[in-house]
Amino acid sequence: MSGPVPEVTALQEVYTQQSLLEQGVRWNKLLEKFQSLYGRSADFVARSPGRVNIIGEHIDYSLYSCLPMGITPDVIIAVSTELDGPSGDGSTYKLKLANLDDQRFPTREFDVKHGEVEIDATQHEWTNYFKAGLRGALQLLKKKHGADFKPKSMQVLMDGTVPAGGGLSSSAAFVSASALAVMIANGEKDVDKKDLTEVAIVSERAVGVNSGGMDQSASIFSEKDSALLVNFWPSLSARPVFFPKTSPELIFVIAQSFVTSNKQVTGPIHYNLRVVECSMAAAFLNAKLVPGTELPKDAGPLGVSLRGFHSNYFKDSKKSSAEQIAELIQLTKSTLSKEEGYTLEEVASAVGTTVDDIKSRFMSSFPVRGERFKLRQRALHVFTEAARVTDFMTLLEDKSHHTTSGDTAAYNQKLGDLMNETQDSCRELYECSCPEIDEICKIAREAGSYGSRLTGAGWGGCSVHLVPADKVESVKKAFHDKYYSKRNLSERDLEAAIVVSRPMNGSAVLQLN
Ligand code: NG1
Ligand code: MG
């Protein structure tokens, strides 16, 4: 389902009827402020939304499929390019970056020399995300147009409504919208969604996170009224997946925990460490179970993945993918037997190499800290989660449920059970939940949610709940009574605490003149 990022002419094409008024006010504010800030009107606005992941958590960077959907909160970037063309020889051009929320995100100006964008990932600075998208887009443009390519100067004003550090992928929305804005500003027509996604995935790694590709795919490819199955193996592809029209309708309720996990800070002991553990597990299993073979090089952040080991192990096998995964779960239990985790020395000896080699292969691109690497638990999470995604998809695509008759409650509960199992696995095996998220899930289930779990990286952030339409109000009330009212939250936080979003469109461009 590739093709160009759509150009829209009206906000109706981007948002739901219910949110139009509010979004109209917001877009007008953006365009008016643009005019007053830069003394001219914007040429276009690029938009990319956040996402919620329904199932398939922490397996994208192991190159297993996941099932996210685009949501209403998004990043919108207004741009003009006409003024301040490139300097005399075209080697330097100027960027002005402002944010509607200029208290929290102060305006910056910088020069880009010879198309090189410097990013200091050690600084937690909001414009880094724009620069990441800029760098990726410029690389692509240079590749396409050759050495003569001269980027345009840009004036930029952005606004983001995806809560930062909240698991709804504010970063990917920002990077994807930025890369798109740079492509359009430089005259690209019909920006290909797959090219843009690949640029955004690689770009985001420049900000210091070893991320997989789920968020950028969801932000760019999503379509109204459907979830998105994102496959990473053997290469990136995505397709819409429709939920059965059950009665009462199934709704996704997204609830913030207000525990903020900042990957730039906690990456070395959380996110980036998990990426390393999964890649080490792949190398370990490969060395033990397919000795004498190399792990195939692939698009994972560290160049090898559990999915790569999977295909190496089952080369030419006739078994179904469900049988393969079931076997991998058993093999992981017997091969990676140490519950307490492995030291670097143990990993090196199993792989048949030195500690230095392991460090340079797995621990040199991003800082990680760890004494023992829990390869067994991480691999078991990945394989069982991959199986749950398949089971979830099988349920969704079982046409007998695409009617309003039949035992919908039992069917819905099956979907919910899979989400609940994901939460258990994230808590026990992947250790990426936190007590607050566990509590929110319990509150929701007691109030009528079929399935409740963390969404996104975890260690705080957001949770997602599968709720029948007639229980949405009681679930929301339970969150307020039993969780939010016990915390000291600002008006603004409370407003953003719960999002009830339908699946929304991905990236789009609104041309203004
Ligand atoms: P968040 O933290 O929600 O943006 C991260 C990764 C995803 C994926 C999920 C876990 C980034 C940009 N995104 O999402 O690729 O691995 O965690 O499933 O790092
Ligand atoms: Mg993110």
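Which residue lies over the face of F110? In this predicted model, that residue is K131, placed 4.6 Å from the ring centre. A second charge and ring meet elsewhere in the model: R274 has its charged end over the ring of Y430, and the distance to the centre of that ring is 5.7 Å. Both cases satisfy a limit of 6 Å between the charged atom and the ring centre.

Rings also pair with one another. Searching the whole structure gives 15 aromatic pairs. Some residues are joined through such pairs into a cluster, made up of F105, W126, Y129 and F174.

The other subject is ligand 1. There are 17 residues around this ligand, and those that come nearest are E57, D60, D215, K263 and Y271. By class, the shell holds six charged residues, six polar ones and five nonpolar ones.

Two of the nearest residues, D60 and Y271, reach the ligand through their side chains. In D60, a polar side-chain atom is 2.5 Å from an oxygen atom of ligand 1. In Y271, an N or O atom of the side chain lies 2.6 Å from an oxygen atom of the ligand. H58 makes its approach through the backbone instead: one of its backbone N or O atoms is 2.7 Å from a ligand oxygen. As for how far ligand 1 is enclosed, its accessible area on its own is 440 Å², and the protein covers 97% of this.

Key: Residues numbered from 1 in each chain as written. Chains lettered and ligands numbered in written order. Predicted model: local features only at pLDDT ≥ 70, side-chain atom pairs only at ≥ 80, totals over all residues. Heavy atoms only, no water. Near = heavy atom within 4 Å. Polar contact = N/O pair within 3.5 Å; in protein donor to acceptor, adjacent residues only side chain to side chain. Areas by Shrake-Rupley, 256 points an atom, 1.4 Å probe, with all protein chains shown as cover. Nonpolar A, V, L, I, M, F, W, Y, C, P; charged D, E, K, R; others polar. Phe/Tyr/Trp six-rings, centres within 6.5 Å; stacked < 30°, edge-to-face > 60°. Lys NZ or Arg CZ within 6 Å of the ring centre and 35° of its normal.
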